[in-house]
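Okay, everyone, thanks for coming. I'll put my protein up on the screen, and then we'll walk through it together.

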Amino acid sequence: MKSLVTALGMFTLLPVPPTMEVTPQVNRRVIVALPWSGLVCGLIGATVAAVVVLCGAGDLLAAMTGLAAITGVTGAMHLDGVADTADGLASRKPPEEALAIMRHSDIGPMGVATVVLVLLLQATALASESLGGLPLVATVACLPMVGRIAAVHATVEGIPGARAKGFGALFTGVTSRTTAVLDSLAVLLVTAAAGFLTGGFGLAVGLPLGAVIAWLVAGRWRKHLLRRLGGLTGDTFGSLIEVAQTSFAILAALVCGLLA
């Protein structure tokens, strides 16, 4: 529970008690708790989306308001990361120069376009016919949790950081492969339960399957980042989360549509 509170303090704007002292041991526990801090954010977004659905205001508005609530709770931290990563990669500069561009606080046209596309893809996937109503609410609840597993995978021992200092460097190589697998399995169980409660067997299969494929997509993106930049940073962690979330929303819609 202390690790969850610390994760909420580090990665959200929620008013929580002061975080624990930053040490490698604390960072290791925080990363394990990261998906569950995502679940807290997802439940807040799902509550907002559920109100819109119950009011009969339409699935697209429910998806957009749910995403807006999640973005507000996280302070758009991961969207900022994917925007900075897009600007750095789009520069086509060598790794050191690309990393320097990513450190800048301003966002270029590629970063803006990437954020817009990410949000549009997530919203339209969530509002698709195969995820309308309560299944949409369940998917919104699971979205940040599933996305953050991609960051857990990126902190596994042996994956290098691009910088010796910085926020991302605090979490480089802090997670064992066993821990990452167990965290992933726990997220799949929660995702399956959420799907079953809101959409029956089809959604109970569709959401976990979408999550697994989304993690594979994020894994390919991680390999590209490592080749291009030589290591990972806090911004690239954010991009991995958003790639996984977007892939999960799209795949959940496609898989659940096929299983319907």
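Let's start with residues 107-127: this span is 86% helix and 0% strand, and its end C-alpha atoms lie 28 Å apart. Keep in mind that we're looking at a predicted model. Why pick that stretch? The unreviewed UniProt entry annotates "transmembrane region" over residues 34-57, 107-127 and 185-218. Now look at residues 185-218. The chain there is 100% helix and 0% strand, with 17 Å between the end C-alpha atoms.

Those residues bring us to helix α8, which runs over residues 177-229. What does α8 do for the largest pocket? It supplies the largest share of the lining, 11 residues. That pocket has a volume of about 340 Å³. In total 14 residues line the pocket, and the closest to its centre are H153, S184, W215, L216 and R222. By class, the lining has 9 nonpolar, 3 polar and 2 charged residues.

Next, the enclosed space. How many cavities of 30 Å³ or more are there? The structure holds 1, and the largest cavity has a volume of about 110 Å³. Again, 14 residues line the space, with I70, T71, T74, E242 and Q245 the closest to the centre of this cavity. Helix α3 gives the largest share of the lining, 4 residues, while α3, α4, α6, α7 and α9 each supply at least two. Sorted by class, the cavity lining comes to 7 nonpolar, 5 polar and 2 charged residues.

Now for aromatic rings. Search the whole structure and you find 1 aromatic pair. The ring centres of F11 and F171 are 5.9 Å apart and the planes sit at 50°, so we call the pair tilted. Where are the two partners in the chain? F11 belongs to helix α1, F171 is in the loop between α7 and α8, and 160 residues separate them, so to speak, along the chain: the pair links distant parts.

Are these two buried or exposed? F11 has 7% relative accessibility, so it counts as buried. F171, at 2%, counts as buried too.

And F171 comes up once more. The largest nonpolar core has 67 residues, and F171 and F248 touch the most other members. Several elements give two or more residues to this core, among them α1, α2 and α9. Helix α7 gives the most, with 14 residues.

That's my tour, so over to you for questions!

Key: Residues are numbered from 1 along each chain as its sequence is written. This is a predicted model: local features need pLDDT of at least 70, side-chain atom pairs count only at pLDDT 80 or more; totals for chains, interfaces and linings use all residues. Side-chain values use heavy atoms; hydrogens and water are left out. On a 1 Å grid over the protein atoms alone, a cavity is a set of points where a 1.4 Å probe fits but cannot get out, and a pocket is an open set with protein on both sides within 12 Å along at least five of seven lines; lining residues have an atom within 4 Å of a point. Grid points are joined across faces, edges and corners, and a volume is the space filled by probe spheres set on the points. Ala, Val, Leu, Ile, Met, Phe, Trp, Tyr, Cys and Pro count as nonpolar, Asp, Glu, Lys and Arg as charged, and the others, Gly among them, as polar. UniProt positions are given in the numbering used here, feature names are shortened, and annotations may be inferred rather than shown by experiment. Rings of Phe, Tyr and Trp (its six-membered ring) pair if their centres lie within 6.5 Å; planes under 30 degrees apart count as stacked, over 60 as edge-to-face and the rest as tilted. Buried means under 20% relative accessible area, exposed over 50%, partly exposed in between (1.4 Å probe, protein chains only). A nonpolar core is a set of buried Ala, Val, Leu, Ile, Met, Phe, Trp, Tyr and Cys residues joined through side-chain atoms within 4.5 Å.
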